[in-house]
Amino acid sequence: MPNNFEKENFYLEAKPDGIYLSSKVKDFKENDVYAFLKKYGIVRYDFKAMRKFVKDGETCKICLRSESLEKEARILVTLDRDKMNASVTIDPPFFTKPWPTAEDVKKTLSAHGVKVGINNEAIESMLFYRIENEPVVVASGVPPIEGKNAYIELIRDPDKPFDVRDDEKIDFWSRSTIVTVHPGQEIAIKHPLENGKNGLDVTGTVAKAIPVRNVDFSFGEGLKRDDANPFSLIATAEGQLKNERGRLVVLPELDIHSDIDFSIGSIDFTGAVRITGAVRDGFHVVAQGNITINGTVEGADVDSQGVIIIQGGVRGMGRGTVRANGDISLSFGDQATIRSGGSILVKNAMLHSRLYAGRAVMALGSGKHSQIAGGRIEAGLEVACNILGSEMGTKTEVIVGLPPEQLNKRKIFHSEIKRCDENLERIEPNMALLKKLQAAGQLDDKKRAMMMDLTKMKFQLQSAREEMQKELDELEEQIALVKDKGIVRVRDICYAGTVITVRGLTYIVQENCKYTAFIADDEKREIVLVPYNYMAGKIGG
């Protein structure tokens, strides 16, 4: 009967009287036949019969049968290193020896310890198609299902304050490397571990899943687990989120031991800020608490809800503003803009700057450079300095008390509020009439549109009036604060050309004067000169 040689262009058939050679193709050469016979171990054959076979292609007896040429099939079993798969390779039988059966394969597998996941279909298919000398997977184990380690996902990462997309334009001056958080803000989420599931290899041995690791939040002050969700970490305080040796904390105060430049970025913080270096040109520092700067402020914006202390002074370069609700103290100022809700205290010179103080501006340092020269200085109650103006006649303007433009602003507010009241009075009767028509069902489309327009106008007028009244009230408070007060003191020398305004009265210094104070005489309606220590110790005289 035909055997596995049928895969070749030639095939051999064993019969009782000998071995017969046949061909499936017509075009072949002697070397092809020789190679085929050698491949299957037939080296002693009828050479004449082989030559005749090459010539006419007819089946011929090529040699006598020899038991040494015939062999049993071999079933080779191979297991993967992890024993999750078992493969069978058939070394085929020769001539009359039979192919193995499925049962033979299974017995061989069992002898190699394979007893789990045997694939009967794979075995049957392998034998049906007589796949020889090629490994076929006939058994598969159940691999373990790996679990997942617990891990912490940082919603706010103190070490990665911002992400930048490739197509994103970056404002390098506005961005900051400081991460600030607010009470109740979610900082991190814990993803719990998921245990794995053990498997089974083809020998029936348990394949253990890799053990998983648990982690827990590591946090300090200013943070806690959310009461509603223990897997969520939230902030309990305003401040800077920081990673201190692997532990998250929220610091209510911010200490920066360097300059504010591209390495740090601009600062917008909820608490107090202390900076050992300078604030460089173009950057800003905004804080709800106090701000202390050991270096200089160079063309930058600094804004505090509390007080500001600048040890090195302000080089404004005509850019940036220093603002504080409380006092501002600095060593010097040059081309600076400074606004304070309290007082501005200067140790040395203030040159070519614009200063606005709710209470006082003081430049009374011990050195000879304690001077105000150039620019415009405004204070609610008092301006005091060692030297005011300059020998070169640099334009220096000092205003104490509410400046004239603020008084004009008050007049404008009164006028605008009165106009709003008059318009509201004109609207009310028309609105009342239209409402009566609406109640009687006599409101046509035209009158309905008119009613809507009047309602809208009424709301707009009321809103504008409330806003102006609020600003007017704040202005009246300022006026009440400086009423009957206001003084400019010069301890050393006030140079000619300096312009001094106190409570709306203006005086141009005609010649140099020393140890002088300038106050407003309400009866004479003019500025009068008094000694420097006039009403000493009382802000505003």
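**Helix faces, an internal cavity and positive-phi residues in the predicted model**

Just after helix α3, G113 adopts a positive phi of about 85°. The structure described here is a predicted model. Helix α3 itself spans residues 102–111, and its buried residues are A102, V105, T108 and L109. These residues lie on the same side of α3, because they cover an arc of only 125° around the axis. K107 and A111, on the other side of α3, are exposed. The cover over the buried residues of α3 includes strands from both sides of the helix in sequence: β4 (74–79) and β5 (85–91), together with β6 (136–140). Helix α4 (120–128) is also part of this cover.

Helix α2, residues 47–56, can be described in similar terms. A49, M50 and F53 are buried in α2. Seen down the helix axis, the buried residues of α2 fall within an arc of 100°, so they line one face of the helix. Three lysines, K48, K52 and K55, are exposed on the other side of α2. The packing partners of the buried residues of α2 are the strands β1 (10–15), β2 (18–23) and β3 (60–63), along with helix α1 (30–39). At the start of α2, the backbone nitrogen of K48 has a side-chain oxygen of D46 within 3.1 Å. K48 thus appears in two descriptions, as a residue exposed on the other side of α2 and as the backbone partner of D46 at the start of the helix. Just after α2, G57 takes a positive phi of about 75°. A glycine with positive phi therefore follows just after α2, as G57, and just after α3, as G113.

Positive phi values also occur at two arginines. R245, which is not a glycine, has a positive phi of about 55°. R245 is located in the loop that runs between β14 (239–244) and β15 (247–251). With a relative accessibility of 82%, R245 counts as exposed. R525 is likewise not a glycine and has a positive phi of about 55°. The loop that holds R525 lies between β38 (513–521) and β39 (526–531). The relative accessible area of R525 is 52%, and this residue is exposed. The cut-off for exposed is over 50%.

The interior was also examined for enclosed space. One cavity of 30 Å³ or more is present in the structure. The largest cavity holds about 30 Å³ of space. Its lining is made up of V297, G299, A300, V314, G316, R319, G320, T321, V322 and T337. By residue class, the lining of the largest cavity comprises four nonpolar residues, five polar residues and one charged residue.

A further loop position is I131, between α4 and β6. Helix α4 and strand β6 are both among the elements that cover the buried residues of α3. I131 is partly exposed, with a relative accessible area of 24%. From I131 to E428, the C-alpha to C-alpha distance is 102 Å, and the two residues are 297 residues apart in sequence.

Definitions and conventions
Residues numbered from 1 in each chain as written. Predicted model: local features only at pLDDT ≥ 70, side-chain atom pairs only at ≥ 80, totals over all residues. Heavy atoms only, no water. Buried < 20%, exposed > 50% of the residue type's maximum accessible area, 1.4 Å probe, protein only. Helix = DSSP H or I, 4+ residues; strand = E, 2+ residues; numbered from the N terminus. Arc of directions from axis to C-beta. Contact = heavy atoms within 4.5 Å. Polar contact = N/O pair within 3.5 Å; in protein donor to acceptor, adjacent residues only side chain to side chain. 1 Å grid on protein atoms, 1.4 Å probe; cavity = no way out; pocket = protein on both sides within 12 Å on 5 of 7 lines; lining within 4 Å. Points joined across faces, edges and corners; volume = space filled by probe spheres on them. Nonpolar A, V, L, I, M, F, W, Y, C, P; charged D, E, K, R; others polar.
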